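Please open the structure in your viewer and keep the sequence beside it, so that each stop of this tour can be selected in turn.

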Amino acid sequence: MERKEAGLKFLPQPDQLEFSLPDTHITLVTNEGSGLTTQVVQRLKERGHRVVVLNLPHIQNPLSEKAVSLTATSDEAVQEALAAVRAQYGEVGSFIHLHSHFEFQHGNFALHFPAEREIVKTLFLLAKHLQKPLNALGQQQRAGFLAVTRMDGQLGQGRRGNVSVVGGGITGLVKCLNLEWAPVFCRALDIQPELPAETIAAQVVAELYDADVSNVEVAFSDKGRQTTSVQPVEVAEGAEIQTTVTPDSVFLVSGGARGVTATCVVEMAKAFQCKFILLGRSSSAFEVPAFARNEDEEGTLKRLIMEDMKARGEKPNLAAVKNTYKNIVAKKEIDDTIARIQANGGQAVYIQGDVTDPASFQTELKTAVDKSGKVTGIIHGAGRLADKYIQDKTEADFENVLSVKLNGLLALLRSVDIHQLDHLILFSSVAGFYGNVGQTDYAIANEILSKAAHLFKTNHPNTQVSAINWGAWDSGMVSGELKAQFEAAGVTLVNSQGGAAMLVNELNVAYGGQPQVVIGGTLPAAVSYISEDLRAYRICRRLRLEDNPFLNHHVIQGKAVLPVVNAVGWMAQACERLYPDYRVFRVENTRLFKGIVFDGTQKEDYIVELKEVEKNGEQIVFETTVLSEGEKLPTYHYKATVMLLNKKEERETPTFTHRLSGTWQPMDGAVLYEDGSLFHGAYFRGIERILDCTENQIVLSCKAPEVPLAGQGQFPVGSVNTFFADIQYQGMVVWVQKFMDGARSLPLQTDSAEIYRPVPFGKDLFVHVGITEATDFKMVAACTVYDEEGTVYMKTTGATVTVSKQLVW
């Protein structure tokens, strides 16, 4: 079963999509109560936006110019405020929520939680009522929903002891909206609060214009720009773990007597023979009738309940039958869980209460503690669902779903001595980590739990803390219908036995410094909106040498030069970032007109023009160009035709096997970089051996060296590993030197390149370069990248390099 550690990874500054809202639409900005709002409004006006400010009920410094005030946090008040905006100023085309900055103070978890919770609820309701206008505009052009928090600029992972976690739930909302609202650009931005307001405002606007729709949550701090990442960690089956759990450990468990959590605590009893205080809403005093003790089938049981009611002279009614059935099932599950815990050497006490209300279970908890010992661990497994699209959600849905997770956590922590806790295990969900359709409220609640885990670990370093972002289980709250939908979407479900074993594994002290982990499969990814019309895009990039360290590994005559393959990757991946559920499959008719050389005279600002020429559910074809503006006319640098293929579409992968001539003595490829045959620095040094070199071919054994994300700068590897793609051209350069009297060469154009599989860094691969034409001025070849089994990763035809005896490195 998959185990992934959550973290952050580098992102370059966003390329800027050129767009403007129609005259009928405005940009709505919530006022967070400081000068930041004014700064953001000014930046937006400079970009041509008509801006309206929405003052939220808690704001101490409401703005008056072009502003509407929200009078209360309610569905009705939000509707009224948006109606006023629409009537006075126009329809909302872009929305920016600036979240007020709160700080967690002096170990008091709830000091400001009610106020911040109301703001999150307001944003939830605003999203509900903005669904229609934003999606309507998004079907025509860019429409945006941007939510900005100021936790720590690292999405709550910055190990600060004062991060307010309630606002951290906003990322869950935005990730779900991104899935529900295919036509709308959705982005959650967490920014370091100490940065100057001018810097924050500039970044907020830059994020609104980001051309890359694939990154839904972004962090920005003095560490740079980042996004969430997961690092898979292999878990050896049956391996022994070291843990501080002992038979004397006592865990207070919410939701622990039934469902998924019960399965987990039984496995813990088996592993550790420890003690449990199980907290649930069901009554332990209910007596299972004799007729129901040996019957579990729902239909039969309900029939027996009706017969019993008739026998006692009562008139059966549906509500009473359902209630009795529910009580029977609950009591059976509770008794069964306790019996299994005891059978495996553990001890268990069940107490009844509402996890959101500590007063409801304090008396029973004290009695249980007197019997079992002080609580040394908490497992918060309780949860509640109310799955609906955001436009169908109610205030009650929000309150009911959030209260179990957030209020429940607070109640549990208030009920114990938190300074004596050895373990805090929070059942979070991939619905928060990735987002999920219909679960905006549930995602908010679970993201708060994950952020709370980071906060608690920072303030209580001796407690082992883990927010487990569970994938969907094959039991518990996942219905049969939902299970079928997950399986159809290719989502791997967590099986009960394996999931419980993974929980036991999380109690390994080796994971003591990892407060958040993802266990199980992902959820269905976003689906791009495919409009009927063919669209054109202009995307601006400020290109600087200092932002792209890899360029220092591609230096000719003392000057860094942008490799042609990276320029092609720039165009191809600009297309891919507009449609994240598509991948680059073919790049055709690549042409170099004027390369980009960093000699001090180069332009800084470049434009990628993308023009859709074909579009459907299977593939999208673009004509792409990189240009820079001149005083009179633009300068064209590169052109290519890019075809994206829907990731669900499968194309047959060809195979290839080389034949060696037997006349060539294989040689070490490292020599080529040392003797000046090739000028490439470490990031591009991928030729390990030349296996054959004749007039008709050169065969290479290659491996792309690992290039850190920060080193890749503005050209991160996506479907196309441009760093490896450069290696095949290096083979052509070597061939030209050998067979054309020591002449040098550089890439010029390519007829077609097809990508069947991504090329990972560090993988042993072969490159076959078959020579199709060689003159005094150019050499043309067909290149194939493949592995030991003959599986082809990439095929290139019409790869052309210039030939010149005057060219020097």
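Begin by selecting H380 together with L426 of strand β15, since these two residues are bridge partners; bear in mind throughout that the model is a predicted one. Widening the selection to the whole of strand β14, residues 377-380, shows that β14 and β15 run parallel and are joined by four bridges. To follow the chain from β14 to β15, add helix α10, residues 395-414, through which the chain passes in a right-handed β-α-β crossover.

Now keep β15 alone, residues 423-429, and ask how many of its seven residues are buried. Seven of the seven are, so the strand is largely enclosed by the rest of the structure. Colouring its two faces separately makes the covering on both sides visible: H423, I425, F427 and S429 are buried on one side, while L424, L426 and S428 are buried on the other.

Next, bring in strand β16, residues 464-470, which pairs with β15 in the parallel sense over seven bridges. A convenient place to look at this pairing is S429, whose bridge partner in β16 is W470.

From here, move to a pair of helices by selecting α2, residues 75-88, and α3, residues 113-138, whose axes come within 9 Å and cross at roughly 50°. Because angles from 65 to 115 degrees count as roughly perpendicular and those under 35 degrees as roughly parallel, α2 and α3 are described as oblique to each other. Their crossing is right-handed. To see which side chains and backbone stretches to display, show D75, V78, Q79 and L82 of α2, which meet L125, L126, K128, H129 and L130 of α3.

The following stop is an open sheet of three strands, arranged in the order β19-β20-β22 with antiparallel pairing. Its edge strands are β19 (555-556) and β22 (597-598), each of which pairs on one side only. Select β20, residues 559-561, and you will find that β20 and β22 are paired in the antiparallel sense over two bridges, with V561 standing opposite V597 of β22.

Finish with T590, a residue of strand β21, which covers residues 582-592. Is T590 buried or exposed? Its relative accessibility is 3%, and because buried means under 20%, T590 counts as buried. Leaving aside residues up to four places away in sequence, display V568, K639, A640, Q749 and T750 around T590, as these are the residues that T590 touches.

Technical notes
Residues numbered from 1 in each chain as written. Predicted model: local features only at pLDDT ≥ 70, side-chain atom pairs only at ≥ 80, totals over all residues. Heavy atoms only, no water. Buried < 20%, exposed > 50% of the residue type's maximum accessible area, 1.4 Å probe, protein only. Pairing = 2+ DSSP bridges. Right-handed = clockwise from strand over helix to strand, strands pointing away. Contact = heavy atoms within 4.5 Å. Axes fitted to C-alpha atoms, helices over the stretch in contact; angles between N-to-C directions. Parallel < 35°, antiparallel > 145°, perpendicular 65-115°, else oblique. Left-handed = near helix turned anticlockwise from the far one by under 90°.
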